[in-house]
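Biologist: I'm new to reading protein models. Could you walk me through one, feature by feature?

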Amino acid sequence: CTLEEGITAPFLFVGKGDDISLSKAKGAVVLVCDPIREDMINKIKAAGALGFVTICGTPLDQGEDRIPTQYRRKAGDLPGVSVHYLDAVEIVEKQASQCCLNIQQSEISRNSANVAVRILGTDFPEEIVTVTAHYDSVPEGPGAYDNMSGGAMVMEAFHHFAEHRPARTMEFIWFGSEEKGLVGSQNYVKSHEGEMSSHVFNLNVDLAGQLLGGNVLGVTADPTVCAELKTLMEENQLGVTIKNQVWASDSNTFAWKGVPALTLNRDGFGMHTRHDTVEYISPRALEEGAKTLCTAATWVANKPELSFEREIPEDMKDEAELYRTELVEKICELDDDLMMEYLDGNEPSVADLKKVLRKATCECTAVPVCCGSAYRNKGVQKLLDAIIEYMPAPTDIPDITGVDEDGNEVTRKSS
């Protein structure tokens with residue numbers, strides 16, 4: 001937010017945010033063509049700009065497509081807005097030199113949940129294969145392609161393995177809040193920390209069901225997994241492109257924990273727009289994707305021996321680290337000093353992160369959430385540890401002042 005009167009400042013178009021253009025940005029509000037991500041936010045701050053404007057949409061948009069999409073990335077204390085491409089063109093063509101940036105907003109919270117069902121394996125019940133998809137969407141998109149189609153394919157896989165019991169235990173999970181930063185899958189991994197060593201593979205679906213496109217398997221694992229998958233798909237005559245890389249979806253959460261993982265993805269149209277509707281979903285494409293998913297899942301679930309490396313390949317660790325930083329940022333935003341150190345390039349220690357989270361918990365500015373199951377004895381120890389690490393002790397609470405039955409003011413120690 002800005003102050004109620006907003007920010008009135010010079011306006012500067014800086015193209016893609018190159019160093020030369022930003023050298024003139026001190027005290028100005030800047031318009032940047034490229035997406036505003038963490039590195040660009042840091043550049044704009046370092047240049048001394050007071051705020052930013054980013055661009056969405058295309059020059060072909062008409063009607064309600066002209067409404068700017070929400071800018072959803074946190075930028076710390078740097079205010080920013082999103083305007084439509086055509087409005088940005090008009091602003092630049094008319095050589096706007098001054099602007100008033102006024103942002104008034106409030107945070108809201110909503111509950112989300114993961115949905116999971118587990119089928120116990122017949123031969124290797126202690127080894128777990130997960131088949132996953134997220135079911136949430138963004139405000140602009142109804143979410144048929146991204147990603148209820150993927151959710152439907154996971155449901156189809158569940159029905160298949162319910163009839164054909166797998167050798168390994170399989171868990172079918174529909175994650176919430178993927179679009180908010182893989183929140184659902186991160187919650188799952190954290191609450192199942194004690195059994196992650198038993199997880200042997202994750203198969204994730206994200207974007208599926210449109211007819212004109214091709215299936216891609218984005219594999220975040222040792223290259224030998226790609227080679228075996230290629231042979232498997234050739235034997236079953238299933239057309240697919242296999243890429244050995246980090247995939248920006250829930251599979252990455254498992255890969256970060258050393259679990260070999262892949263995301264099944266299909267090219268399509270309308271992601272994160274109002275056009276992401278069921279009219280563009282093809283039964284034929286869904287069936288083809290479900291066959292590909294079930295073929296790969298059957299191979300993993302019934303393979304007599306799995307000997308894949310459990311470490312993220314060296315050439316993928318840097319990219320995976322980018323997604324992990326989003327977790328760290330959320331805690332750093334709770335403390336100005338820690339955020340400044342983080343922006344200066346100093347990686348906060350686990351102890352510092354816990355210290356800031358404890359302080360925020362005691363001040364009721366953050367609420368840690370622990371998930372688990374007392375029935376399955378999952379997460380109980382983590383909850384007890386969190387109570388000790390984050391909840392206030394009596395000495396952290398100030399004296400309590402009240403009035404006794406005679407109307408006298410009384411002060412008592414917390415206990």
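Modeller: Sure! Let's start with a word you'll need: a residue is called buried if its relative accessible area is under 20%, exposed if it is over 50%, and partly exposed in between. Keep in mind that this is a predicted model. Here, buried residues make up 41% of the 415 residues in the chain.

Biologist: Okay, and what does the secondary structure of the chain come to?

Modeller: Twelve helices and 14 strands. The C-alpha atoms fill a box of roughly 70 × 70 × 40 Å along the principal axes. Look at the contacts too: of those with a separation of 6 or more, 72% are between residues 24 or more positions apart.

Biologist: Let's do sheets. How do I read one?

Modeller: Strands of a sheet pair through backbone hydrogen bonds, and they do that either parallel or antiparallel. In this chain, one open sheet has five strands in the order β4-β3-β2-β1-β5, with mixed pairing. β4 (80-84) and β5 (98-101) are at the edges with a single partner strand each, so one side of each has no neighbour in the sheet. From one strand to the next, the twist averages 35°.

Biologist: Does anything sit against that sheet, and if so, which strands are touched by helix α3?

Modeller: Helix α3 (residues 85-93) packs on the sheet and touches β1, β2, β3 (51-56) and β4. The direction of α3 makes about 100° with that of β4.

Biologist: You said the pairing is mixed. In which sense do β1 and β5 pair, parallel or antiparallel?

Modeller: Antiparallel, over four bridges. One spot to find is isoleucine 7, whose bridge partner in β5 is leucine 101. On the other hand, strand β1 (residues 7-13) and strand β2 (residues 29-31) run parallel, joined by three bridges. There, leucine 12 stands opposite valine 30 in β2, and phenylalanine 13 has leucine 31 of β2 as its bridge partner.

Biologist: And where do the side chains of a strand point?

Modeller: In a regular strand they alternate between the two faces of the sheet.

Biologist: Is there another sheet to practise on?

Modeller: Yes, an open sheet of seven strands, in the order β6-β8-β7-β9-β12-β10-β11, again with mixed pairing. Its edge strands are β6 (115-119) and β11 (241-244), each pairing on one side only. Neighbouring strands are turned by 20° against each other on average, if you ignore direction. For a parallel pair, try strand β9 (residues 199-205) and β12, joined by four bridges. Asparagine 202 stands opposite alanine 261 in β12.

Biologist: Now aromatic rings. What do I look at?

Modeller: A pair of aromatic rings is described by the distance of the centres and the angle of the planes. A search of the whole structure finds six aromatic pairs. Take phenylalanine 158 and phenylalanine 172: the centres are 5.5 Å apart and the planes at 70°, so this pair is edge-to-face. Phenylalanine 158 is in helix α4 (residues 144-163) and phenylalanine 172 is in strand β8 (residues 168-175), so the pair ties together parts 14 residues apart in sequence. Phenylalanine 172 has 0% relative accessibility, so it counts as buried.

Biologist: Which residues do ring pairs link into a cluster?

Modeller: Phe158, Phe161 and Phe172. For a pair elsewhere, look at phenylalanine 269 and tyrosine 280, which are edge-to-face with 5.5 Å between centres and 65° between planes. Both residues lie in the loop between β12 (261-266) and α8 (283-302), eleven residues apart in sequence. Phenylalanine 269 is partly exposed at 44% relative accessibility, and tyrosine 280 is partly exposed at 40%.

Biologist: How do two helices meet?

Modeller: Helix α9 (residues 314-332) and helix α10 (residues 336-343) have axes that come within 8 Å and cross at roughly 145°. Thr325, Val328, Glu329 and Cys332 in α9 meet Leu338, Met339 and Tyr342 in α10. By class, that contact has five nonpolar, one polar and one charged residues.

Biologist: Last one: how many disulfides does the count come to?

Modeller: Zero. A disulfide needs two cysteine sulfur atoms within 2.5 Å. The closest cysteine sulfur to that of cysteine 33 is in cysteine 56, 13 Å away, which is too far for a bond. Cysteine 33 is partly exposed at 36% relative accessible area, and cysteine 370 is partly exposed too, at 35% relative accessibility.

Terms used. Residues are numbered from 1 along each chain as its sequence is written. This is a predicted model: local features need pLDDT of at least 70, side-chain atom pairs count only at pLDDT 80 or more; totals for chains, interfaces and linings use all residues. Side-chain values use heavy atoms; hydrogens and water are left out. Rings of Phe, Tyr and Trp (its six-membered ring) pair if their centres lie within 6.5 Å; planes under 30 degrees apart count as stacked, over 60 as edge-to-face and the rest as tilted. Buried means under 20% relative accessible area, exposed over 50%, partly exposed in between (1.4 Å probe, protein chains only). Axes are lines fitted to C-alpha atoms, for helices over the stretch in contact, and angles run from 0 to 180 degrees between N-to-C directions. Contact means heavy atoms within 4.5 Å. Ala, Val, Leu, Ile, Met, Phe, Trp, Tyr, Cys and Pro count as nonpolar, Asp, Glu, Lys and Arg as charged, and the others, Gly among them, as polar. Two strands pair if DSSP finds at least two bridges between them.
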